[in-house]
Amino acid sequence: MSYKGEKNNINSYQLSDKINPLTIVGLILLFSVVLTVGGEYQYWIALAFASGLLLLFSLRKTLSTILTLAIIWGILYLLKPYLGSVFVGSIYTLLLIIIKFSPIFILGRALSSYSSSHLIAAFRKIGIDGGIGIGITVFFRFIPEISIRMKEINDGMKIRGFKASIFKPIKTFELYFVPLMYKCIDISDTLTCSIISKGIEYDGKKTSFHEVKITFIDIAMMIGGMILLGASLWKIF
Amino acid sequence: MNLKGIVKIAVFSVIGFVLTMGLGFLTGSFGMVPSLYLSSALPTIIVAPVFVIMCKQVAQRGAAFLYFLLLGVFYALMGMWPVIVVCAIAGILAELVIGKKENYSDKNMKVGFGFGAGMFVYSLHAMYFAFVFGVEGLTKQFPKMFTTDYATFLYNFYSPKNIVICLIIAIIASIIGAYFGTYIYNKFFSDRKKKSVL
């Protein structure tokens, strides 16, 4: 006997289900050192690695990320002849920093694909429970949410005929951020209800619907990251 | 601290982090020298209401420290791991300035000044890195971020005169942030009748 959603569940199985979220967190930490001390080769390998990983999660996200990076590269190319100006130079440097750390942002995007309960279960596995674990989980799940909430506020302002103005900074702040703060308070209440209803306050040994274990793919990815780190450190010592 | 408090701090620290980082980029677009003088002045003012509202909502000791610590953890996850040390120190200082638990719920400005103090420590992070690592350390530890020219420029920028200017700007921004944060809280949130049943 099968139920309606069973087929979809089987079809939606993908390789990304085999990847432990902790592996991506580990890669973020490794890449943060690689991108700081490594050379150009290490950067391109890290970028390809991160993009390939994101592809396992979502083709749409990967394409949009590549398009965004291509646009930034295009802007950098166009700005290069005008680097003498302080303003252009500053914008150029900022975009360069975004490009430079893009593999980490891509990994962050992949990590935000996991559900909150999956992330919490993974962090609990390594003893990161409580404040820090919840904080990191909320961070990855809430970042994409902010733009949605801001858009809601923007739409609300348009309907009521309010306009943001750079010449009225306090008024603009009140229009945008006070509703956002109220939304934050409500979101945190909802999140708390959700977490409590999933049994976080239970004192006994907790189990999770999501299987959190280290697989061969995780080990292979961590070894790849370690080799990249080793190659980067080799250059400076 | 109860679960509700932790979740609130996590949600507000994400907003704080996004604003701090975004406004940091905006300050950077003003040019290298103005951005070194201003440092985190803009985030200190704009993020203050977020912090004050968060602390007043949570109303428990440790909220300020956890906020700054999470900020540091987020920076570490974004690859800027040295910032976590500065954020931890900023959090401890903020907690000390706020003092007793009652200050979290009272209408006084202690929470605002706590944030100002924390952001004062945070805003000087470029200076700490310049002095702790030195020119050689910066170029060796972070070769992709600092060329020898830029590291030398940064190190030389922090002359006694420029340090005093940076400190004055950071202090002024902290005071404005403290007042602005408290003003927004008192105007929109202090008399909020709707309370969660949790």
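pLDDT is the predictor's confidence in each residue, on a scale from 0 to 100. That score is a handy place to start, since what follows concerns a predicted model. In chain B, helix α6 (residues 83–98) of chain B comes out on top among the elements, with a mean pLDDT of 90. Helix α9 (residues 125–141) of chain B sits at the other end, with the lowest mean of that chain, 76. Across chain B as a whole the average is 83, and 93% of the residues score at least 70.

Chain A tells its own story. The average pLDDT here is 81, with 90% of the residues scoring at least 70. Among the elements of this chain, α4(A) has the highest mean, 90, while helix α1 (residues 6–11) of chain A has the lowest, 46. The start of the chain is the part to treat with care: residues 1–11 of chain A have a pLDDT below 50, and apart from near neighbours in sequence this stretch makes zero contacts in the model. Where pLDDT is low, the predicted coordinates should not be read in detail. As for the complex, the predictor assigns an ipTM of 0.79 and a pTM of 0.80.

Turning to the overall build, chain A is made with ten helices and zero strands. The C-alpha trace of chain A spans about 65 × 55 × 35 Å along its principal axes. Of its 237 residues, 27% count as buried. Among contacts in chain A with a separation of 6 or more, 73% join residues that are 24 or more positions apart. The chain is divided into two parts: domain 1 of chain A takes in 8–115 + 210–237, and domain 2 of chain A takes in 127–203. Measuring over C-alpha atoms is how their centres were compared, and 26 Å separate them.

One helix pair in chain A gives a feel for the packing. Helix α3 (residues 40–57) of chain A and helix α4 (residues 59–79) of chain A meet at an angle of about 145°, and their axes are 6 Å apart. On the α3(A) side the contact is made by S51(A), L54(A), L55(A) and F57(A), and on the α4(A) side by L59(A), K61(A), T62(A), T65(A) and I66(A). Sorted by class, the residues of this contact are five nonpolar, three polar and one charged.

Some of the helical stretches also carry a label from a database. An unreviewed UniProt entry places the feature "transmembrane region" at residues 21–37, 66–83, 89–108 and 214–234 of chain A. In the model, residues 21–37 of chain A are 100% helix and 0% strand, and the end C-alpha atoms lie 25 Å apart. For residues 214–234 of chain A the figures are 90% helix and 0% strand, with 28 Å between the end C-alpha atoms. For chain B, the UniProt annotation "transmembrane region", again from an unreviewed entry, covers residues 9–30, 36–55, 83–99, 111–135 and 162–185. Residues 83–99 of chain B are 94% helix and 0% strand, with end C-alpha atoms 24 Å apart. Residues 111–135 of chain B are 96% helix and 0% strand, and there the end C-alpha atoms are 37 Å apart.

Next comes the place where the two chains meet. Chain A puts 42 residues into the contact and chain B puts in 38 residues. On the side of chain A, the elements giving two or more residues are α2 (21–37), α5 (86–100), α8 (130–160) and α9 (169–197) of chain A. The biggest share comes from α9(A), with 14 residues. By class, this side of chain A has 30 nonpolar, nine polar and three charged residues.

G135(A) offers a close-up of that meeting point. This glycine lies in helix α8 of chain A. G135(A) counts as buried because 25 C-beta neighbours fall inside 10 Å, where 20 or more is the cut-off. Leaving aside residues up to four places away in sequence, G135(A) touches A10(B), S13(B), L70(B) and V73(B). From C-alpha to C-alpha, G135(A) and K125(A) are 16 Å apart in space, and they are ten residues apart in sequence.

A last detail belongs to chain B. A59(B) lies in the loop between α4 (48–58) and α5 (63–77) of chain B. Its phi is near 50°, a positive value in a residue other than glycine. A59(B) is partly exposed, since 15 other C-beta atoms lie within 10 Å.

Definitions and conventions
Residues are numbered from 1 along each chain as its sequence is written. Chains are lettered from A and ligands numbered from 1 in the order in which they are written. This is a predicted model: local features need pLDDT of at least 70, side-chain atom pairs count only at pLDDT 80 or more; totals for chains, interfaces and linings use all residues. Axes are lines fitted to C-alpha atoms, for helices over the stretch in contact, and angles run from 0 to 180 degrees between N-to-C directions. Helices (H or I, at least four residues) and strands (E, at least two) are DSSP runs, numbered from the N terminus. Two residues are in contact if their C-beta atoms, placed from the backbone, lie within 7 Å. Ala, Val, Leu, Ile, Met, Phe, Trp, Tyr, Cys and Pro count as nonpolar, Asp, Glu, Lys and Arg as charged, and the others, Gly among them, as polar. Domain bounds come from an automatic or database domain assignment. UniProt positions are given in the numbering used here, feature names are shortened, and annotations may be inferred rather than shown by experiment. A residue is buried if 20 or more other C-beta atoms lie within 10 Å of its own, exposed if 12 or fewer, and partly exposed in between; C-beta atoms are placed from the backbone.
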